[in-house]
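Colleague: Please take a close look at a single part of this model, the pocket region, and then set it against the rest of the chain. I would like one connected account rather than a list.

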Amino acid sequence: MDIDNIQIQIKTFFGLEQILAEEIKKLGGRKVEVKNRAVNCEGDLGFLYKINYSARTALKILVPIHEFKAFNQHQFYDRLFKFNWDEFMDVDQSFAIDATVNSETFKHSQFVTLKMKDAIVDYFQEKFKKRPNVETKHPDIKFHLHIDRELITISLDSSGDPLFKRGYRREQGEAPINEVLASGMLQLAGWDGKGNFLDPMCGSGTLLIEAAMIAMDLPAQIFRKRFAFQNWRNYDADLFTKIKEFRINRVKEFTGKIVGYDIDARMLNAARMNIEAAEMEDMIEVRKQNFFDSKKDLFPLLMVFNPPYDERISINDDDFYKKIGDTFKTHYPNTLAWLISSDLEAVKKIGLRPSRKIKLFNGKLETRFLQYEMYEGTKKVHKIAE
């Protein structure tokens, strides 16, 4: 591996590719290219460490090490068996493989994963008369196998555990929003730490914590203990320490307020535990409050939230979304509000036309991330007054 010029692929969620690309450019990525649910770029070893530590909308960061075409299982095994695996791992290290397969020739991801595992083990057995162990939970080295028709790409996974596992979540509610999705939503909504932030249905507090991390420019993985690249042969511990120190020295003070409401005491307790784990009790305030009885008390204000879906809490959708719209109109003048929902019919009951609609996925659920602009009086009057 040329440590000064590494080809890198960064995975993300559908709809967050542009946000990730902007993050990567700001962090110093070269030749940034937007793909479907991914961003490709180039950088050196230090840059690879930096994006693992800092990129908020990255799910996993891969480094391709081997690419070839195979038209049957024998070719597949043979090409893998002949590859120099000992350049990337020692026989005493454990390994795991995850796979993404889109192919008529290789239909079953479990089968090809098993074939690849056999090729790696057989390679070491023949060369060193010893077999490395497969360890699915906490492997030393993680490989990613990507098959697109006949094209096989093998990558090293530099992250290890997916990067949405930030390390601050102690408790979760019935339907917690993924940390990477939460951060992407906040960045799509334009949250930059200027002004105040409200999540009026905060659940276990993910949006609040991610909002605080953005406001302070805190590295996304400041609480994470391990990355897969720390087990690589070329790992430079001094370089990684310097990168962490540099990023932490950039942390800034936040003077606004970040507030969360919820009506469920259990959820509020979960949120408080997560906020405490993230060491943000001084920055984030959560309180038992029904949004429908609340009034705007923070100026200026950005609101972003994930209303409960039917599977999380039993709600009468029509009535529930109508109340959201009524609360927006009567109690939150001059406010920018964003919400995510998979119920595209029910959101019509809000009774306001969204000024932006962005397609996102929350797990397997297709959703829309909707922006509502509330003005005092009409939009027309507001524009004239500007």
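Modeller: A residue is called buried when its relative accessible area is under 20%, exposed when that area is over 50%, and partly exposed in between. The model is predicted, and with that in mind I begin with one residue of strand E4, Val-63. Its relative accessibility is 2%, so Val-63 counts as buried. Leaving aside residues up to four places away in sequence, Val-63 touches Met-1, Ile-6, Gln-7 and Leu-48, and also Ile-154, Ser-155, Leu-156 and Trp-232. From the C-alpha of Val-63 to that of Ala-212 the distance is 31 Å, with their positions 149 residues apart in sequence.

Strand E4 brings us to the part you asked about. The largest pocket has a volume of about 1100 Å³, and of the 38 residues that line this pocket, Gln-9, Lys-11, Arg-37, Ala-38 and His-146 are the closest to its centre. Two or more lining residues are given by each of strands E1 (6-11), E2 (30-35), E3 (38-43), E4 (60-69), E5 (95-102), E6 (141-148) and E7 (151-157). Among these elements, E5 gives the most to the lining, with 5 residues. By class, the lining of the largest pocket divides into 14 nonpolar, 13 polar and 11 charged residues.

The second largest pocket holds about 580 Å³ of space. Its lining is made by 19 residues, and Glu-23, Lys-26, Arg-56, Gln-187 and Asp-217 lie nearest its centre. Here the largest share of the lining, 4 residues, comes from helix H1 (residues 17-26), and the classes are 6 nonpolar, 3 polar and 10 charged residues.

Beyond strand E7, in the loop that leads to helix H5 (179-188), lies Asp-161. With a relative accessible area of 36%, Asp-161 is partly exposed, and its C-alpha is 8.5 Å from that of His-138, although the two are 23 residues apart in sequence.

Some loops deserve a look at their backbone. Lys-129 lies between helix H4 (109-128) and strand E6, and its phi is near 55 degrees, a positive value in a residue other than glycine; its relative accessible area of 64% makes Lys-129 exposed. Glu-279, in the loop between helix H8 (265-277) and strand E10, also has a positive phi of about 55 degrees without being a glycine, and Glu-279 is exposed at 64% relative accessible area. The peptide bond from Phe-299 to Pro-300 is cis, with omega near -15 degrees, and Pro-300 belongs to the loop between strands E10 (284-288) and E11 (301-305).

As for the chain as a whole, there are 10 helices and 14 strands. Its radius of gyration is 23 Å, close to the 21 Å that the globule rule gives for 386 residues, so the chain is as compact as a globular protein of that length. Taken along the principal axes, its C-alpha atoms fill a box of roughly 75 × 45 × 40 Å. Buried residues account for 52% of the 386 residues, and, among contacts between residues at least 6 apart in sequence, 77% join residues at least 24 apart. The chain exposes about 18800 Å², of which carbon and sulfur atoms supply 47%.

Definitions and conventions
Residues numbered from 1 in each chain as written. Predicted model: local features only at pLDDT ≥ 70, side-chain atom pairs only at ≥ 80, totals over all residues. Heavy atoms only, no water. 1 Å grid on protein atoms, 1.4 Å probe; cavity = no way out; pocket = protein on both sides within 12 Å on 5 of 7 lines; lining within 4 Å. Points joined across faces, edges and corners; volume = space filled by probe spheres on them. Nonpolar A, V, L, I, M, F, W, Y, C, P; charged D, E, K, R; others polar. Rg over C-alpha atoms; globule rule 2.2 N^0.38 Å. Buried < 20%, exposed > 50% of the residue type's maximum accessible area, 1.4 Å probe, protein only. Contact = heavy atoms within 4.5 Å. Areas by Shrake-Rupley, 256 points an atom, 1.4 Å probe, with all protein chains shown as cover.
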